Amino acid sequence: MPIDFILIIAGVASALLLIAGMLAGGINAAWRIWPAPPVGSAKSFAFWTLFRTLNVSVLILAAERFLTTLSGPLAPFRIALAAVAFIAGVAYIYTLWSLGRKATYCQASGLETTGVYRWTRNPQYATAILAFTALGLAAWSWDATLLAAALAIVYAMMARTEEPWLEARYGRPYLDYKKDVPRFFNIRHAASELQAFLAHKVPALSSSQRSKR
């Protein structure tokens with residue numbers, strides 16, 4: 001049996017089960033699979049197995065399709081998309097490191113609102129969605145592209161379904177934070193942050209230049 005066929009079947013099955021599980025958890029909290037149940041539970045094991053299977057399936061299948069079909073006039077465009085996917089992937093790893101292992105595995109370790117979290121409430125999901133979307137398009141293959149799209153949907157659903165959990169854990173501080181910072185990356189929010197940064201730095205720079213004179 002070809003390895004790509006196995007990857008497609010494993011990826012599709014994992015995506016469908018993850019999406020169905022999160023939808024079911026929204027109907028009845030007892031069925032919740034994300035945020036992940038306690039470590040060691042059957043639901044926790046099932047979630048992480050499906051989630052990792054889907055991620056690995058997309059990565060291997062998309063990389064294989066990209067490397068074996070990279071030719072023709074669209075090659076530069078696909079290479080650019082692969083570069084975007086790589087940069088977003090590095091950013092994703094950085095955001096995982098900044099959040100810490102405990103919070104990544106759904107253990108309340110404090111509400112993080114500084115650094116990259118001033119720009120987006122979910123830097124991991126935002127960067128992962130960008131990385132896998134770009135990778136899926138770079139693969140330029142219906143199977144890898146659709147599977148990457150399914151994974152992006154899973155990440156988006158994870159961001160949405162964990163919000164009630166965060167509200168219950170952190171209460172008013174999280175609700176205030178939620179009002180100020182978008183769920184994913186927001187261009188207008190980024191522009192306002194950049195404008196505030198420049199407004200703070202430019203006067204300081206001008207003052208420094210005047211003092212040298």
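This note goes through the predicted model point by point, from overall make-up to single residues.

1. **Basis.** This is a predicted model, in which local features need pLDDT of at least 70, side-chain atom pairs count only at pLDDT 80 or more, and totals for chains, interfaces and linings use all residues. Residues are numbered from 1 along each chain as its sequence is written, and side-chain values use heavy atoms, with hydrogens and water left out.

2. **Confidence.** The protein chain has an average pLDDT of 86 (the predictor's confidence in each residue, from 0 to 100). Of the residues, 85% score at least 70. Among the elements, helix α4 (residues 101-104) has the lowest mean, 58. The highest mean, 96, belongs to α6.

3. **Make-up.** The protein chain holds nine helices and zero strands. Along the sequence the pattern reads α-α-α-α-α-α-α-α-α. Helices (H or I, at least four residues) and strands (E, at least two) are DSSP runs, numbered from the N terminus.

4. **Burial and contact range.** The protein chain has 213 residues, and buried ones make up 36% of them. Buried means under 20% relative accessible area, exposed over 50%, and partly exposed in between (1.4 Å probe, protein chains only). Take the contacts (heavy atoms within 4.5 Å) with a separation of 6 or more. Residues 24 or more positions apart account for 74% of these.

5. **Main core.** The largest nonpolar core has 34 residues. Such a core is a set of buried Ala, Val, Leu, Ile, Met, Phe, Trp, Tyr and Cys residues joined through side-chain atoms within 4.5 Å. Trp34, Phe47, Phe51, Leu54, Tyr155 and Met158 touch the most other members. At least two residues each come from α1 (3-27), α2, α5 and α6 (142-161). The largest share, eleven residues, is supplied by α6. Methionine 158 is in contact with Met22, Trp34, Phe47, Phe51 and Tyr125, leaving aside neighbours within four places in sequence.

6. **Second core.** Another core lies apart from the one around methionine 158. This other core has seven residues, among them Trp165, Leu166, Tyr177 and Val181.

7. **α2 against α5.** Helix α2 (residues 42-68) packs on helix α5 (residues 123-139) at an angle of about 35°, with the axes 8 Å apart. Axes are lines fitted to C-alpha atoms, for helices over the stretch in contact, and angles run from 0 to 180 degrees between N-to-C directions. The crossing is left-handed: the near helix is turned anticlockwise from the far one by less than a right angle, where clockwise would make it right-handed. On α2 the contact uses Asn55, Val58, Leu59, Ala62, Arg65 and Phe66; on α5, Phe132, Leu135, Ala138 and Ala139. These residues divide into eight nonpolar, one polar and one charged. Here Ala, Val, Leu, Ile, Met, Phe, Trp, Tyr, Cys and Pro count as nonpolar, Asp, Glu, Lys and Arg as charged, and the others, Gly among them, as polar.

8. **Two polar side chains in α2.** Asparagine 55 lies in α2 and counts as buried because its relative accessibility is 11%. Asparagine 55 touches Phe132, Leu151 and Tyr155, not counting residues up to four places away in sequence. Serine 57 also sits in α2 and counts as buried, at 3% relative accessibility. With neighbours within four places in sequence left aside, serine 57 is in contact with Leu7, Ala10, Gly11 and Leu147.

9. **Two alanines in α5.** Alanine 139 is found in α5 and is buried, with a relative accessible area of 0%. Beyond neighbours within four places in sequence, alanine 139 contacts Ala62, Arg65, Phe66, Thr69, Arg78 and Ala144. Alanine 139 and threonine 68 are 71 residues apart along the chain, yet their C-alpha atoms are separated by 9.3 Å. Alanine 126 also belongs to α5 and counts as buried, at 19% relative accessibility. Not counting residues up to four places away in sequence, alanine 126 touches Thr120, Phe184 and Phe185. From alanine 126 to alanine 88, 38 residues apart in sequence, the C-alpha to C-alpha distance is 9.0 Å.

10. **Backbone points to check.** Tryptophan 34 and proline 35 are joined by a cis peptide bond, with omega about 0°. Proline 35 is in the loop between α1 and α2. Tryptophan 140 is not a glycine, but has a positive phi of about 50°. Tryptophan 140 is in the loop between α5 and α6 and counts as partly exposed, at 46% relative accessibility.
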